[in-house]
Amino acid sequence: MNKPMQWMAVGLMASAVMAMMTVSTCAGAAEKISVLILTGQNNHGWHTGTPIFEKVLEETGLFEVDVAQSPGPKADMSSYQPKFADYDVVVSDYNGDDWPEATQKAFEAYVKGGGGFVVVHAADNSFANWAEYNKMIGLGGWGGRNEKSGPYVYWEDGKIVRNTEKGRGGHHGAQTPYKVTNRVTDHPITKGLPIEWMHGRDELYALMRGPAENMTVLATAFSDKATNGSGREEPVLMTIDYGSGRVFHTVLGHVGANDTSDKELPAVQCEGFIVTLQRGTEWAATGKVTQKVPANFPTADKIVLRKPFNLPSLKK
Ligand code: ZN
């Protein structure tokens, strides 16, 4: 009598535990925001930057990150067809050859249909001739961009200016630490951040041009002529509504082509860069930000850098 009862009890307990595990695993997976990072070509160190972006997103516990690495420059791109629709948000660290038309159309449909998109640094140099991409990113630089790409957009006398004068799109001066000033303080991404905060040494993109439709400039930084800048207060964090999709665009985050993450990379070790990327990615995916602002967020006079990340690079 005793033995069969024990067996039954153990069996019941085991199935109860298994049922609980199954339920909690499913619930845990369902709660995470799925992220796809696009990478594989960039005039920057994508092989170093992408693992850093993956790490800082995953450390929040909110995101589950996959990476879609493209073929290299001048290679056949026809196989590059990431399954955008499987993800809540796509983060681009890509600046390279044009995608196949099917991939472009799939991406347009994905964002237009409500997908999230995060543009990091030189991802806004990409695809100067792809009209819908430029609507998504709001502003871009280089790649032959000029007055036909859209106005220059900058902050002057307390408001956003759209300047249609002729001229090239895309410039940066010498790398330098710089102060970021939040111009919209009640957006989920910027809410609770110091209004002014120091960013670690980085390129400051300037003279960007683009359609700039449905775009909100969350933060700007002064591009100083003393360091070969534009003399303008340039947009550095932006959001764009594209169809039903939400786009977060950060021009911060330079990683040099030959940089490795055992070295100091102040642009991406900056807690301000990291936290705004984490918050912007959550917002692009869900329209909300649940993350608390960390106590060590940089201030108006203090840069806060992490130690070198020391992550393995992606293979080219
Ligand atoms: Zn750069």
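This is a walk through the structure above, one selection at a time.

Before you click anything, know that this is a predicted model: local features need pLDDT of at least 70, side-chain atom pairs count only at pLDDT 80 or more, and totals for chains, interfaces and linings use all residues. Residues are numbered from 1 along each chain as its sequence is written, and side-chain values use heavy atoms, with hydrogens and water left out.

**Stop 1: the zinc ion**

Select the zinc ion and show what surrounds it. Which protein atoms are its donors? They are H44 (NE2), H121 (NE2), E203 (OE) and H254 (ND1), at 2.0 to 2.1 Å from the ion. A donor here is an N, O or S atom within 2.8 Å of the metal (3.2 Å for Na, K and Ca), and water is not among the atoms, so sites may look incomplete.

Now look at the angles. Among the four donor atoms they run from 91 to 153 degrees, and the site is irregular. For that label, four donors count as tetrahedral if all angles lie between 85 and 135 degrees; four count as square planar and six as octahedral if opposite donors are over 155 degrees apart and all others between 65 and 115; anything else is irregular.

Along the chain, the donors follow the spacing H-x76-H-x81-E-x50-H. H44 sits in the loop between strand 1 (33–39) and helix 2 (46–58), while H254 sits in the loop between strand 13 (245–250) and helix 5 (266–269), so this pair ties together parts that are 210 residues apart in sequence. Helices (H or I, at least four residues) and strands (E, at least two) are DSSP runs, numbered from the N terminus. Both H44 and H254 are buried, where buried means under 20% relative accessible area, exposed over 50%, and partly exposed in between (1.4 Å probe, protein chains only).

**Stop 2: H121**

Stay with the zinc donors and pick H121. You'll find H121 in the loop between strand 4 (116–120) and helix 4 (131–137). Buried or exposed? H121 has 2% relative accessibility, so it counts as buried.

Show the contacts of H121 (heavy atoms within 4.5 Å). Leaving out residues up to four places away in sequence, H121 touches residues including H44, D202, E203 and H254. Another residue on that list is T250; the C-alpha atoms of H121 and T250 are 6.1 Å apart, although 129 residues separate them along the chain.

Next, look for polar contacts: pairs of N or O atoms within 3.5 Å where, within protein, one must be able to donate a hydrogen and the other to accept it, and residues adjacent in sequence count only if both atoms are side-chain atoms. The H121 side chain makes one with the side chain of H44, at 3.2 Å. A polar atom of the H121 side chain also lies 2.7 Å from the backbone oxygen of V251.

**Stop 3: strand 4**

Slide back to strand 4. Five of its five residues are buried, so the strand is largely enclosed by the rest of the structure. Turn it around: G116, V118 and V120 are buried on one side, and F117 and V119 on the other. Now add strand 3 (residues 89–92), which pairs with strand 4 in the parallel sense over four bridges; pairing takes at least two DSSP bridges between two strands. V91 stands opposite V118 in strand 4.

**Stop 4: helix 6**

Select residues 271–286. At 1.5 Å a residue, the 16 residues of helix 6 should span 22 Å, and its end C-alpha atoms are 22 Å apart, which agrees. The expected span is 1.5 Å times one less than the number of residues. Of the 16 residues, 15 are buried, so helix 6 is largely enclosed by the rest of the structure.

Inside helix 6, click T281. With 0% relative accessibility, T281 counts as buried. Setting aside neighbours within four places in sequence, T281 is in contact with V35, L57, F63, V89, V91 and V118. Just past helix 6 comes G287, with a positive phi near 85 degrees.

**Stop 5: two exposed loop residues**

Jump to D157, in the loop between strand 5 (152–156) and strand 6 (159–163). D157 has a positive phi near 50 degrees, though it is a residue other than glycine. At 71% relative accessibility, D157 counts as exposed.

Finish at N214, in the loop between strand 10 (205–206) and strand 11 (215–222). N214 is not a glycine, yet its phi is positive, at about 50 degrees. N214 is exposed, with a relative accessible area of 54%.
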